[in-house]
Amino acid sequence: MKRYIFVRQALKEQGVRLTAQRELVLRRAMAHLHFTAEGLVEDVRSVDATVSRASIYRTLALLQQAGLVEKHDFHYGAPNYEVTVGKAHHDHLMCTQCGEIIEFQAPRVEQAQQEVVDRYKYKLMSHTHKLY
């Protein structure tokens with residue numbers, strides 16, 4: 001619940017009006033670790049069949065633009081999304097047969113990445129680590 005309130009506040013601060021339909025899309029998105037856009041459409045429409053596919057896609061894009069949702073291209077199937085605000089940094093492991101996605105943290109990997117960045121005197125802005 002805290003995370004949901006934080007997300008709502010972040011949208012408000014960015015001047016995003018949270019209509020009833022947008023709020024439903026947000027709630028359904030936050031109910032999943034990872035989801036596809038079409039999976040979100042099915043989920044939202046199971047609750048309210050009057051919400052259009054276009055409204056769901058526009059809301060998803062709005063959430064992504066606001067930095068609250070990340071889009072992941074796992075190279076197998078449709079892109080997946082996740083609500084990342086309020087979540088600790090993590091990486092992903094994906095099964096190429098069943099599509100299961102596991103979130104994991106590996107401090108040794110993070111340390112090795114930072115050592116490479118430091119060696120070349122770069123500043124790491126972001127990264128993604130996906131294992132298939």
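**View 1. The chain from end to end, α-α-α-α-β-β-β-β-α-β.** That's the pattern you get when you read the protein chain of this predicted model along its sequence. In total, there are five helices and five strands to keep track of. The C-alpha atoms fit in a box of roughly 55 × 40 × 25 Å, taken along the principal axes. Of the 132 residues in the chain, 33% are buried. The chain exposes about 8700 Å², and carbon and sulfur atoms supply 53% of that area. As for contacts with a separation of 6 or more, 41% come from residues 24 or more positions apart.

**View 2. Inside the largest nonpolar core.** Which residues touch the most other members of this core? Look for L11, L40 and L68 among its 25 residues. The elements that each supply at least two core residues are α1 (2-13), α2 (20-30), α3 (37-47), α4 (53-65) and β2 (80-83). Helix α2 gives the most, with five residues. As background, nonpolar side chains in soluble globular proteins tend to be buried together.

**View 3. Zooming in on L68 and what it touches.** Leave out residues up to four places away in sequence, and L68 still touches V7, A10, L11, L63, E82, V83, T84 and V85. One of these, L11, is itself listed with L68 among the core residues that touch the most other members.

**View 4. A three-stranded open sheet.** Its strands come in the order β4-β3-β5, and the pairing is mixed. Which strands sit at the edges? They are β4 (101-104) and β5, each pairing on one side only. Strand β3 (residues 91-94) pairs with β4 in the antiparallel sense, over four bridges. Within that pair, L93 stands opposite I102 of β4. If you want the general picture, strands of a sheet pair through backbone hydrogen bonds, either parallel or antiparallel.

**View 5. A nonpolar patch on the surface.** L93, I102 and L131 together make a nonpolar surface patch of about 220 Å². You've already met two of its members: L93 and I102 are the residues that stand opposite each other. The remaining patch member, L131, has its place in strand β5 (residues 130-131). Buried, exposed or partly exposed: how does L131 count? L131 counts as partly exposed because its relative accessibility is 37%, which falls between the 20% limit for buried and the 50% limit for exposed.

Technical notes: Residues numbered from 1 in each chain as written. Predicted model: local features only at pLDDT ≥ 70, side-chain atom pairs only at ≥ 80, totals over all residues. Heavy atoms only, no water. Patch = residues over 30% accessible without salt bridge, like charges linked within 9 Å, V, L, I, M, F, W, Y side chains within 5 Å. Areas by Shrake-Rupley, 256 points an atom, 1.4 Å probe, with all protein chains shown as cover. Salt bridge = Lys/Arg side-chain N within 4 Å of Asp/Glu carboxyl O. Buried < 20%, exposed > 50% of the residue type's maximum accessible area, 1.4 Å probe, protein only. Pairing = 2+ DSSP bridges. Contact = heavy atoms within 4.5 Å. Core = buried A, V, L, I, M, F, W, Y, C linked by side-chain atoms within 4.5 Å.
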